[in-house]
Amino acid sequence: MKLAFFGTSDFAVPILQKLLEAASYEIGAVVTQPDRPAGRSKKMVSSPVKKWAVEKKVPVFQPESLLDDDDLLEKLAGCELFVLASYGEIIPKKYLQIPRFGFLNVHPSLLPKYRGASPIQAAILNGDFETGVTIIRMDELLDHGAIVAKAAVNLTGKRFGYRQLHDELAKLGAQLLVKVLPEYLDGQIKPVPQEEAQATFTQKISKKNVRIDWRDSAEAIDRMIRAFETWPVAWTTLEGQLLKIYEVVPLSLAQDPKQPGQIVEAGPRLIVSCGQNSGTKLTFLQIKSLQAQGARRLPSEEFLNGHRNLEAKILG
RNA sequence: CGCGGGGUAGAGCAAUGGCAGCUCGCAAGGCUCAUAACCUUGAGGUUGGCGGUUCGAGUCCGCCCCCCGCAA
């Protein structure tokens, strides 16, 4: 069976890989976002999916826009199924009608919860007990199509960071897809419409919204830092300078919290006071890893070697 | 050539153009019931590279290399 794959980011690569390994499918084409200028020198950079496809010698197409690229439809003509994972662009209606077996989407949440752009971050940010992946048959509305299959990941007691949960969900999505695909293609699976009343949406993440508010509870700040550890990274300021925070641990101390953001220990541990939280005694955060402006990311011990007299300073 | 910060001991950071230091780590010794604690001593540097100015350059000038933040 010949299929076409639409995808761009790291999340898509394991899924694509698994499809290739499954051997019963031929990847007729990979559609991914065009190379974009990125980084300090604005060099053109290929998407992770493109790099993978080039390496595996799979045909790659990079339309500027799906809407007005009619050639692409012809090139995909022989493909009986389209599969999408984190492509990065809304799929125009006309594509949905092409493949005989429809257009499937692997989405990293338990739909209808967390439709939209940042489902993985949302699950961490909200401290959910579980999340997962859902395979849907796409329709014209965003992450709205009928559900083909679902698989859950238990988050209780785990402190997943974004990277780890992302990889976990990508792996799970890949497994789920190759597992249910035979049954689906056989017509044994009848997709179930989502319960609209349960639907929630996640927004595209903005760099501006990841400044730490130290009046929040230690656990809320911890979740925020974990959710954004890969990008764009939660930040605060120290004496007017940007300070990115990569890793923290909430804890309690045998003392009352000081002013939110105040440093209460500056060696060997780096500990900051947070806001009061009714439910718990964890009112402090130990910073384990951080990065100052112009410097590289450092463990807090090394950061403290060169930054003396931080005790009682206020982070903002 | 998008804007900006930076490169000094193994790590992180100081040093008005005038003997290159601090904290941590490392080594040896001491103290201690004991320790990641404390005390003593020590090793470890071509100050990213090349050239220039100067009696004298980590510091000023020019070029190059590398790292980081912003923006994408």
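Helices (H or I, at least four residues) and strands (E, at least two) are taken here as DSSP runs, numbered from the N terminus. With elements named in that way, H8 supplies the largest share of the surface near RNA strand B, namely 4 residues. The model is predicted, so that local features need pLDDT of at least 70 and side-chain atom pairs count only at pLDDT 80 or more, whereas totals for chains, interfaces and linings use all residues. Residues are numbered from 1 along each chain as its sequence is written, while chains are lettered from A and ligands numbered from 1 in the order in which they are written.

**Surroundings of RNA strand B**

- RNA strand B is surrounded by 17 residues, and the closest of these are Ala38, Gly294, Ala295, Asn305 and Gly306; a residue counts as near a molecule or strand if its C-beta atom, placed from the backbone, lies within 6 Å of it.
- Strand S3 (36–38) and helix H8 (300–306) each contribute at least two residues to the surface near RNA strand B.
- By residue class, this surface near RNA strand B divides into 7 nonpolar, 5 polar and 5 charged residues, where Ala, Val, Leu, Ile, Met, Phe, Trp, Tyr, Cys and Pro count as nonpolar, Asp, Glu, Lys and Arg as charged, and the others, Gly among them, as polar.

**Helices H1 and H2**

- In helix H1 (residues 12–21), the residues Ala12, Val13, Ile15, Leu16 and Leu19 are buried, a term that requires 20 or more other C-beta atoms within 10 Å of a residue's own, with C-beta atoms placed from the backbone.
- These residues of H1 lie on the same side of the helix because they cover an arc of only 165° around the axis, the arc being that of the directions from the helix axis to the C-beta atoms.
- The cover over the buried residues of H1 includes strand S1 (2–7), strand S2 (26–31), helix H2 (48–55), strand S6 (81–85), strand S7 (103–107) and helix H6 (162–185), with two residues taken to be in contact if their C-beta atoms, placed from the backbone, lie within 7 Å.
- After H1 comes Ala23, whose phi is positive, near 70°.
- In H2, the buried residues are Val49, Lys50, Trp52 and Ala53.
- Those residues are on the same side of H2, because the arc that they cover around the axis is only 160°.
- The buried residues of H2 pack against S1, H1, S2 and S5, and just after H2, Lys57 takes a positive phi of about 60°.

**Nonpolar core**

- The largest nonpolar core has 75 residues, of which Ala4, Ile15, Phe82, Leu84, Ile245 and Leu285 touch the most other members; such a core is a set of buried Ala, Val, Leu, Ile, Met, Phe, Trp, Tyr and Cys residues joined through C-beta atoms within 7 Å.
- H6 provides the largest share of this core, 9 residues.
- Leaving aside residues up to four places away in sequence, Leu84 touches Phe6, Gly7, Ile91, Phe103, Leu104, Asn105 and Met138.

**The open sheet**

- An open sheet of 7 strands follows the order S5-S2-S1-S6-S7-S9-S10 with mixed pairing, and two strands pair if DSSP finds at least two bridges between them.
- Strand S5 (60–61) and strand S10 (146–154) stand at the edges with a single partner strand each, so one side of each is left without a neighbour in the sheet.
- S6 and S7 run parallel and are joined by 3 bridges, with Phe82 standing opposite Phe103 in S7.

**Antiparallel pairs around S16**

- Strand S13 (residues 241–251) is joined to strand S16 (residues 284–292) by 8 bridges in an antiparallel arrangement, and the bridge partner of Leu251 in S16 is Phe284.
- Strand S15 (residues 270–273) also pairs with S16 in the antiparallel sense, over 3 bridges; Val272 stands opposite Leu285 in S16, and Ile271 has Gln286 in S16 as its bridge partner.
- S15 is covered on both faces, since Leu270 and Val272 on one side and Ile271 and Ser273 on the other are all buried.
- S14 and S15 form a hairpin with 3 residues between them, and Gly267 in the turn has a positive phi of about 145°.
- S16 and S17 form a hairpin with 5 residues between them, and Gly294 in the turn has a positive phi of about 75°; Gly294 is also among the residues closest to RNA strand B.

How values were computed:
A residue is buried if 20 or more other C-beta atoms lie within 10 Å of its own, exposed if 12 or fewer, and partly exposed in between; C-beta atoms are placed from the backbone.
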